[in-house]
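Got a minute to go through this one together? Here it is, and then we can take it question by question.

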Amino acid sequence: MIQVKNLTKEFGRIDNGGGVLALSDIDFQVRDNEFVTVIGPSGCGKTTLLRIIAGLIPYQHGEVSIDSHPVVGPGPERAVVFQNFALLPWTDVLGNVTFGLDVRGATKSDSQAKAKELIKLVGLEGFEQRLPKELSGGMQQRVGLARALAVSPRILLMDEPFGALDEQTRRLLQEQLLQLWERERKTVVFITHSMEEAVMLGDRVMLMTPRPGKVKEMIDIPLKRPRPPDIEKSPAFVEIKEYLWENLRAMQTHQS
Amino acid sequence: MTASEAVIKTTAAKNIGSSFASHWLLRHWALEIFALFAGAVIWESLGWGLGLQWLPPFSQVIVALFQFVASGVILSNLQSSLMSLIVGFALSLIFGLVLGALMGRYRIVEKAFDVYVHALFVCPSILFAPIFFAIFGLSDASRVAIIFVYSTFVIVINTATAIRTVDPSLVEMAYSFGCRERQIFTRILLPASLPLVFAGIRLGMGRAVKGMINGEMLIAFVGLGALAQKYGAQFDAARVFAIAMVVLIIGLVGNAIVQTLEHRLTRWAD
């Protein structure tokens, strides 16, 4: 379980007048095997929140813990999927997928076997020897996903993973992610700025407000799983999506 | 995109790319050879036509070069020059890469050394010749030292910039998988910075060759530099040009070695 209590994050020093309050009093939990999507306007600190949970940046106040162990840095139970893919351009698909295993000291044969299994799972069989630049954006992010899954994390932290992809690729990857998740229900925190994506994927949506980032509401998504690709037409889906949009639009007009 | 579509797309792109590249390369080579040939013809005719003492015809330079090679004069001098070049350049490589990497990674090291490195880079390295002469006398050490100051700072600066400008998202990715500082260096920073580092090494190689000749002409009086000095004093332009050609070849060979290594290690960046 991921537990976040009264989390506050400042960049710079507020009391010097030069800082920015990025997150204020964030309070929520993500249960084991739960898929939580996080949505909010730009500047609400959703990526900052994810990076804190990932242990990549420090925080000043509050508590962030995983199974009641406080987060003090990255850990083997977590893996991150990055918005810009963050693939190593000098090594091929296989080398990228084995990265996490290699740095954790797995033997070469073990890490290659595991990587090949995951490359197959994300549909990139036959592309093991390709360099990232030879792949489309969608394929690159599949490599990113395979790399994260290769280290067998219990928690998957996804930072707008499909945000840089075109609409069609994004839809395909969403469906594939859902299939993967049905197979093995990991705990997922998924940052997005797409309302459809937030509703389609999540068990719950966390709606955030900007400047400083706060949790506005946790919304349950009562849609049955496994979710079919045409789930978007269901009244419940439309209703939640519209509700999110009302809220997000209100935040935008409030700002401008 | 399905897998088979992607294969078709990438192989098609590859084929177009490679046939285009080979044509281009062929024409490029032809052009290069033609340019060299035209240069030789112009030189030859100017040499005969103008009759200037400092511009002997190209053919006389070639004859002088062959005489040098045949008499063994070049070989013995070349050997001593190359030895100091190799030692001096190797030292500047080690120093330049290590200091550059530390400066690129750690702000505090950068702050401490940046002003010195840039000052020494801008300062004409030949100014140090009398100082090295005073320290090391007429030994190989002064030549090595001159080569070192000529070539090392451009390597430091390039390496530091290369490390500093590595995509921070790759470093963050590595942290997220639990990499320690040493692994960040070996698995991310070093490979990612190689293309820019090699650019610095090539510049450093060029400067090392300059340093070798300048050092030999001004302080050590041995090797190719001393030979050039000697024939320069006799106004024997053909022989001076012949030595210049040898130096040129050393520079080109050095560059080719670095480039081959570079191509092998950074093919991904093409």
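**Two chains, a few questions**

Contacts in chain A (pairs whose C-beta atoms, placed from the backbone, lie within 7 Å) with a separation of 6 or more come to 67% from residues 24 or more positions apart. This is a predicted model, where local features need pLDDT of at least 70 and side-chain atom pairs count only at pLDDT 80 or more, while totals for chains, interfaces and linings use all residues. Residues are numbered from 1 along each chain as its sequence is written, with chains lettered from A and ligands numbered from 1 in the order in which they are written.

Reader: What is the radius of gyration of chain A?

Author: Start with the make-up: chain A has 8 helices and 10 strands, as DSSP runs numbered from the N terminus (H or I, at least four residues, for helices; E, at least two, for strands). The globule rule, 2.2 Å times the number of residues to the power 0.38 with the radius taken over C-alpha atoms, gives 18 Å for 256 residues. Chain A comes out close to that, so it is as compact as a globular protein of that length, with a radius of gyration of 18 Å.

Reader: Which strands stand at the edges of the open sheet of 6 strands in chain A?

Author: Two strands pair if DSSP finds at least two bridges between them. The order is β6-β7-β8-β3-β9-β10 in chain A, with mixed pairing. Each edge strand has a single partner, so one side of each is left without a neighbour in the sheet; these are β6 (78-81) and β10 (214-220) of chain A.

Reader: How many of the 6 residues of β9(A) are buried?

Author: Buried takes 20 or more other C-beta atoms within 10 Å of a residue's own, with C-beta atoms placed from the backbone. β9(A), residues 204-209, pairs with β10(A) in the antiparallel sense over 6 bridges, and β3(A), residues 35-39, pairs with β9(A) in the parallel sense over 4 bridges. β9(A) is largely enclosed by the rest of the structure, because its buried count is 5 of the 6.

Reader: Which residue in the turn of the β9(A) and β10(A) hairpin has a positive phi?

Author: Within the paired strands, L207(A) stands opposite E217(A) in β10(A). The hairpin has 4 residues between its strands, and the one with a positive phi, of about 45°, is R211(A).

Reader: And the open sheet of 4 strands: what is the bridge partner of I2(A) in β2(A)?

Author: That sheet runs β2-β1-β4-β5 in chain A, with antiparallel pairing. β1(A), residues 2-11, pairs with β2(A) over 7 bridges. In β2(A), I2(A) has as its bridge partner V30(A).

Reader: Which helix gives the most to the side of chain B that touches chain A?

Author: The interface puts 17 residues of chain B in contact with 23 residues of chain A. On the chain B side, α1 (3-50), α7 (168-176) and α8 (181-220) each supply at least two residues. The biggest giver, with 6 residues, is α7(B).

Reader: How far does α10(B) reach from its first C-alpha to its last?

Author: The helix covers residues 237-265 of chain B, 29 residues, and its buried ones include F241(B), I250(B) and G254(B). The expected span is 1.5 Å times one less than the number of residues. α10(B) is close to that expected figure, reaching 42 Å.

Key:
Two residues are in contact if their C-beta atoms, placed from the backbone, lie within 7 Å. A residue is buried if 20 or more other C-beta atoms lie within 10 Å of its own, exposed if 12 or fewer, and partly exposed in between; C-beta atoms are placed from the backbone.
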